[in-house]
Amino acid sequence: MIAENIAHYQTVKTPDGDFTVITASNGAVLASGWTADHTVLRALIHPRLQPEQFCVTDTAAGSAVLAYYSGDPDPFANFAVKQHGGEFHSGVWHQMRQIPFGSTLSYAELARAAGNAAAVRAAASACARNAAPLFVPCHRVVRTGGQLGGFAWGTELKKSILRFESLN
């Protein structure tokens, strides 16, 4: 087996519950979320990016999650994220990474920032397909008017994260 097919995962304790992150052998984030069960996250990794083997270990990405919950506003900036999607979804994921800690954008603003103001539903779809929350901060995208909108990990968790960011 070649090293590129080995992924690493780590679960850390956060105020919002267990958070697991899966990284490729080069440290790029493949998936993350509020669960202690890495197999839940494995299902989020696109088949073209799916590693053959998973090993539990301490990761730089896990340390970044702990730094985030300690109040560091941008511990994720230097992490590559590998997700599979078309040009527009990739652009939306890139634009989400530009939303500053403590700020939000509406789905319409996100679509416009990604280059297609009419693609609001497609921007929302990219948020829903985001396999790497926190590293790609889909929680910072809300409905026009400020209503929360959806979140794969639940709207109560989205509310908690946004509240945390507004206090720091």
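This passage walks through the nonpolar cores, aromatic pairs, largest pocket and a few individual residues of a predicted model. Local features are taken at pLDDT of at least 70 and side-chain atom pairs at pLDDT 80 or more, while totals for chains, interfaces and linings use all residues. Residues are numbered from 1 along each chain as its sequence is written, and side-chain values use heavy atoms, with hydrogens and water left out.

A convenient place to start is the interior. The largest nonpolar core (buried Ala, Val, Leu, Ile, Met, Phe, Trp, Tyr and Cys residues joined through side-chain atoms within 4.5 Å) has 33 residues. Burial here is under 20% relative accessible area, with exposed being over 50% and partly exposed in between, for a 1.4 Å probe and protein chains only. The members that touch the most others are Phe19, Trp34, Val65, Tyr68, Met96, Leu134 and Phe135. Two or more residues each come from strand E2 (17-23) and from helices H2 (60-69), H3 (87-96), H4 (107-113), H5 (120-129) and H6 (155-167); these elements are DSSP runs numbered from the N terminus, helices being H or I with at least four residues and strands E with at least two. Helix H2 gives the most, with 5 residues. A second, separate core of 11 residues includes Ala7, Tyr9, Ile22 and Ala31.

Two members of the largest core deserve a closer look. Leaving aside neighbours within four places in sequence, Trp34 is in contact (heavy atoms within 4.5 Å) with residues including Asp16, Phe19, Leu134, Trp153 and Ile161. Leu134 itself sits in the loop between H5 and E6 and is buried, at a relative accessible area of 2%. Its phi is positive, about 75°, although Leu134 is not a glycine. Most residues other than glycine have a negative phi.

Aromatic side chains come next. Rings of Phe, Tyr and Trp (its six-membered ring) pair if their centres lie within 6.5 Å, with planes under 30 degrees apart counted as stacked, over 60 as edge-to-face and the rest as tilted. By this rule there are 11 aromatic pairs. In one of them, the ring centres of Tyr68 and Phe101 are 5.8 Å apart and the planes lie at 70°, so the pair is edge-to-face. The pair joins distant parts of the chain, 33 residues apart: Tyr68 is in helix H2, and Phe101 is in the loop between H3 and strand E5 (105-106). Both Tyr68 and Phe101 are buried, and both belong to one aromatic cluster with Tyr69, Phe76, Phe79, Phe135 and Phe164.

Glu165, in helix H6, is buried at a relative accessible area of 2%. Beyond four places in sequence, Glu165 touches Tyr68, Phe101, Gly102, His139 and Arg140. Pro73, in the loop between H2 and H3, is in contact with Phe101 and Arg140, again leaving aside neighbours within four places in sequence. At 45% relative accessibility, Pro73 counts as partly exposed. By contrast, Pro137, in the loop between H5 and strand E6 (141-142), counts as buried at 3%. Pro137 touches Met96 and Arg97, not counting residues up to four places away in sequence.
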